[in-house]
Amino acid sequence: MTFANSFFKTLRVALAAGTAAAVLTACGSTEWGFPYRPNIQQGNWITAEQVARLEPGMSREQVRFLLGTPTLQDIFRSDRWDYPYYHKPGYGDAEQRRFSVWFEGDYLVRWEGDAQPDRQPFQKTDTGAVAEDTRSSVTESTPASTGGTSEPLR
């Protein structure tokens, strides 16, 4: 009987410790709530800097390089690319943005859409402010034989 009592006592202590560890681990989460509701993020995240770099006359390949592959590309309107974005946090208000670019032939003619954020989603705790004197003015040079020009790195 002594062995059985000590076994069950040890089992109860282990069970209590495991439950306490699970409860404390759950308390470490930044998102409270029951039941758990995951964040839902769909579409293309486009920044204001990317939009500012658009220029009329850019080719489709240049726009794809700058903005990424469009989420929606209608086969009936091949001259329009849509970049929707939708984010629904588990607890909170949904966010939705739209951005579209139009082409004539193979060249960009116009674009329009909602105001885009000035940073990437992983930078949400960063203020985005950088002192002017801390920025470097390094210039990347492309040889003239390839038809390139000198452009500052960003």
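Is D79 buried, partly exposed or exposed? In this predicted model, in which local features need pLDDT of at least 70, side-chain atom pairs count only at pLDDT 80 or more, and totals for chains, interfaces and linings use all residues, D79 is partly exposed, with a relative accessible area of 33%; buried here means under 20% relative accessible area, exposed over 50%, and partly exposed in between, with a 1.4 Å probe and protein chains only. Residues are numbered from 1 along each chain as its sequence is written, and side-chain values use heavy atoms, with hydrogens and water left out.

The protein chain contains 3 helices and 8 strands, where helices (H or I, at least four residues) and strands (E, at least two) are DSSP runs numbered from the N terminus. Along the sequence these elements follow the pattern α-β-α-α-β-β-β-β-β-β-β. Of the 154 residues in the protein chain, 19% are buried, and the chain exposes about 12,000 Å², of which carbon and sulfur atoms supply 57%; accessible areas come from the Shrake-Rupley method with a 1.4 Å probe, and for residues only the protein chains shown count as cover. Among the contacts in the protein chain with a separation of 6 or more, 46% are accounted for by residues 24 or more positions apart, contact meaning heavy atoms within 4.5 Å.

One open sheet is formed by 3 strands in the order β2-β5-β6, with antiparallel pairing; two strands are taken to pair if DSSP finds at least two bridges between them. Strands β2 (80–82) and β6 (107–113) stand at the edges, each with a single partner strand, so one side of each is left without a neighbour in the sheet. Neighbouring strands of this sheet are turned by 20 degrees against each other on average, direction ignored; axes are lines fitted to C-alpha atoms, for helices over the stretch in contact, and angles run from 0 to 180 degrees between N-to-C directions. Between β2 and strand β5 (residues 99–104) there are 3 bridges, and in this antiparallel pair W81 stands opposite V101, while D82 stands opposite S100. Strand β5 is mostly covered, as 5 of its 6 residues are buried. A further 6 bridges join β5 to β6, which run antiparallel, and E104 has Y107 in β6 as its bridge partner. The two strands β5 and β6 form a hairpin with 2 residues between them, and G105 in the turn has a positive phi of about 70 degrees. Helix α3 (residues 60–67) lies across β2, β5 and β6, running at about 165 degrees to β5.

A further open sheet of 3 strands has the order β1-β3-β4, again with antiparallel pairing. Its edges are β1 (40–43) and β4 (95–97), each with a single partner strand, so one side of each is left without a neighbour in the sheet. From one strand to the next, the twist averages 0 degrees. Strand β3 (residues 85–88) pairs with β4 in the antiparallel sense over 3 bridges, and the bridge partner of H87 in β4 is E95.

The model has 6 salt bridges, each defined as a side-chain nitrogen of Lys or Arg within 4 Å of a carboxyl oxygen of Asp or Glu. One of them joins the side chains of D79 and R60 (2.9 Å, N to O). D79 lies in the loop between α3 and β2 and R60 in helix α3, so the pair ties together parts that are 19 residues apart in sequence. R60 is buried, with a relative accessible area of 14%, and its side chain also meets that of D106 in a salt bridge (3.5 Å, N to O). This pair links distant parts of the chain, with R60 in helix α3 and D106 in the loop between β5 and β6, 46 residues apart; D106 is partly exposed, with a relative accessible area of 31%. Another salt bridge is formed by R97 with E95, the closest N and O atoms being 2.3 Å apart. Here R97 is buried, with a relative accessible area of 6%, whereas E95 is partly exposed, with a relative accessible area of 32%. Salt bridges that share partners join R60, D79 and D106 into one network.

At the surface, F3, F7, F8 and L11 make a nonpolar patch of about 480 Å². Patches are made of residues with over 30% relative accessible area and no salt bridge, like charges being joined within 9 Å and nonpolar side chains (Val, Leu, Ile, Met, Phe, Trp, Tyr) within 5 Å. Of these residues, L11 is located in helix α1 (residues 2–27) and is partly exposed, with a relative accessible area of 47%.
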